[in-house]
Amino acid sequence: MFSWANKDGKKKDPELFQTVSDGLKRLYRTKLFPLEDTYRFHDFHSPALEDADFDNKPMVLLVGQYSTGKTTFIRHLMEQDFPGMRIGPEPTTDSFIAVMYGEQEGLIPGNALVVDPKKPFRKLNAFGNAFLNRFICAQMPNPVLDSISIIDTPGILSGEKQRISRGYDFAAVLEWFAERVDRIILLFDAHKLDISDEFSEVIRALKNHEDKMRVVLNKADQIGTQQLMRVYGALMWSLGKIVNTPEVIRVYIGSFWAQPLLVPDNRKLFEAEEQDLFRDIQGLPRNAALRKLNDLIKRARLAKVHAYIISALKKEMPNVFGKENKKKELIANLGEIYAKIEKEHQISPGDFPKLSKMQEVLAGQDFTKFQGLKPKLLEAVEDMLANDIAKLMTLVRQEEAAMPSQAVQGGAFEGTMNGPFGHGYGEGASEGIDELEWIVARDKPTYDEIFYTLSPVNGKVSGAMAKKEMVKSKLPNNVLGKIWKLADVDKDGYLDDEEFALANHLIKVKLEGHELPADLPDHLVPPSKRGL
């Protein structure tokens with residue numbers, strides 16, 4: 001059990017936290033929620049958090065235009081159909097589908113889903129029946145879902161008519177999910193990179209969550225290498241106009257389904273990209289507590305700024321006459337109020353809510369019900385950020401160390417883990433792994449010719465002599481140093497003919513673009529050194 005107390009012993013007894021989830025829930029309820037409630041944060045930005053928001057499994061949100069392969073991507077990960085699944089070239093998924101673990105396979109409709117306290121969806125009832133009729137939970141006992149949940153979304157359409165016919169604020173729903181998920185995957189079809197107006201609006205709604213975003217360029221096996229390069233460049237150019245971040249968003253290229261590759265030229269690229277994406281998803285359970293902690297910090301910073309804005313507006317309001325005119329004036333001059341708060345409280349401009357959105361929400365609010373500045377509420381949040389969060393971070397690390405390495409298991413994640421079809425099997429340093437003959441022996445006669453030109457003494461060459469030959473590879477010293485460490489099997493500071501051949505084999509592996517192993521694999525150990 002872990003505990004900490006406020007250094008000022010007069011204020012309260014120490015708080016006891018057994019888990020990170022327990023600590024986050026208590027900090028939110030006791031320190032952040034009172035500030036949010038007082039300044040009506042939930043009317044402006046985001047509904048109040050509930051226990052299920054802190055307890056739920058990591059979630060992956062899939063977003064993309066219709067027929068980009070979102071539903072097929074989920075099926076590929078799980079290697080199993082899920083209830084309510086429909087796949088086709090036309091817009092087939094017209095609902096938000098939360099694919100989650102359950103002992104019994106079945107569907108839970110949206111209205112029933114939002115009253116379940118064990119599910120993190122209760123606050124979605126604010127979007128009304130038009131949305132809830134298009135929201136379902138597909139439950140099934142799949143091992144992938146034992147570690148993560150996946151949210152499938154309706155295909156994004158182009159044109160104003162389709163956008164209006166939804167009957168609910170599609171971008172606002174996606175923004176609600178974006179705040180709570182661990183990973184947002186934007187899917188693009190290699191054949192249609194046009195980004196519609198609604199898709200642009202959606203991507204902008206996901207602003208402030210760029211750290212969670214990944215991009216998948218799907219169906220890339222249907223085009224050749226030259227065309228793929230052009231498509232990738234066009235995608236990055238299009239994204240650069242919408243996503244304003246100094247870093248480039250990570251793009252994974254491939255064909256995420258279990259069908260034969262139509263153009264197999266880029267098979268190795270697709271395998272490497274799929275493994276990178278799988279590793280990213282598999283790391284979500286391990287990093288879930290840290291993500292929730294990070295999201296709470298972002299929320300607390302926004303809540304603080306919101307409190308300053310609301311209290312500043314309250315301070316400017318007259319007591320009796322001219323309230324409506326003053327309200328309009330304050331909304332129009334909100335940018336100046338932002339600047340004043342920024343200077344007075346030393347707040348970063350990036351912490352302020354979007355000006356136009358804030359003005360829009362303020363227009364429908366009664367300023368007379370706003371609260372003035374309450375320092376004690378702000379001090380509680382400051383204390384949470386300055387002290388409690390830092391101590392909770394320590395607990396995160398302790399939990400990670402105490403738990404076995406968590407990773408998503410089952411489905412497609414198992415398909416390339418073992419056997420000869422694992423990623424990189426039989427390539428680079430793994431070449432010859434299942435052969436009886438020592439793989440280095442194939443080129444050893446060539447390496448022996450070089451070895452005997454180095455004037456070996458007692459059948460061995462010194463490090464200085466070996467270095468003269470190894471530097472001809474033009475590899476940097478740190479890489480050659482690692483190769484020397486791997487090749488000097490008996491650690492005597494010299495290389496015999498087998499060790500010298502091994503060093504040259506590892507140089508060849510590196511020059512061909514493969515990574516060096518951390519330790520020398522058994523199949524690369526020279527025959528004379530085995531059993532030492």
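**Ser-455.** I started with the exposure of Ser-455 in this predicted model. Its relative accessible area is 54%. The cut-off for exposed is over 50%, so I log Ser-455 as exposed. Next I looked up where Ser-455 sits: the loop that runs between helix 18 (444-453) and strand 11 (460-462). Then I checked the backbone. Ser-455 has a positive phi, about 55 degrees, and it is not a glycine. I noted this because most residues other than glycine have a negative phi.

**Lys-474.** I turned to a second positive phi. At Lys-474 the angle is about 70 degrees, again without the residue being a glycine. Lys-474 belongs to the loop between helix 19 (463-470) and helix 20 (477-487). Buried or exposed, I asked of Lys-474? Its relative accessibility is 76%, and I enter Lys-474 as exposed.

**Residues 475-510.** I looked up the annotation here. The UniProt record, an unreviewed entry, places the feature "domain: EF-hand" at residues 475-510. I then took the secondary structure over that range. The chain is 69% helix and 8% strand there. I also checked the ends of the stretch: the C-alpha atoms of the end residues lie 9 Å apart.

**Asp-280.** I moved to a charged residue in a helix. Asp-280 is part of helix 11, which covers residues 267-282. How buried or exposed is Asp-280? Its relative accessibility is 16%. Buried means under 20%, so Asp-280 counts as buried. I then asked which residues Asp-280 contacts, leaving aside neighbours within four places in sequence. I found Arg-183, Arg-214 and Tyr-252. With Arg-183 there is a polar contact between the side chains, at 2.7 Å.

**Cavities.** I finished with enclosed space. How many cavities reach 30 Å³ or more? The count is 2. I opened the second largest cavity, which holds about 30 Å³ of space. Then I listed its lining. Glu-50, Ala-52 and Asp-53 are among the lining residues. Lys-119, Pro-120, Phe-121, Arg-122 and Lys-123 also line this cavity. I sorted the lining by residue class. It divides into 3 nonpolar and 5 charged residues, with no polar ones. Ala-52, Pro-120 and Phe-121 are the nonpolar entries. Glu-50, Asp-53, Lys-119, Arg-122 and Lys-123 are the charged entries.

Notes
Residues numbered from 1 in each chain as written. Predicted model: local features only at pLDDT ≥ 70, side-chain atom pairs only at ≥ 80, totals over all residues. Heavy atoms only, no water. Helix = DSSP H or I, 4+ residues; strand = E, 2+ residues; numbered from the N terminus. Buried < 20%, exposed > 50% of the residue type's maximum accessible area, 1.4 Å probe, protein only. 1 Å grid on protein atoms, 1.4 Å probe; cavity = no way out; pocket = protein on both sides within 12 Å on 5 of 7 lines; lining within 4 Å. Points joined across faces, edges and corners; volume = space filled by probe spheres on them. UniProt positions renumbered as here; feature names shortened; annotations may be inferred. Polar contact = N/O pair within 3.5 Å; in protein donor to acceptor, adjacent residues only side chain to side chain. Contact = heavy atoms within 4.5 Å.
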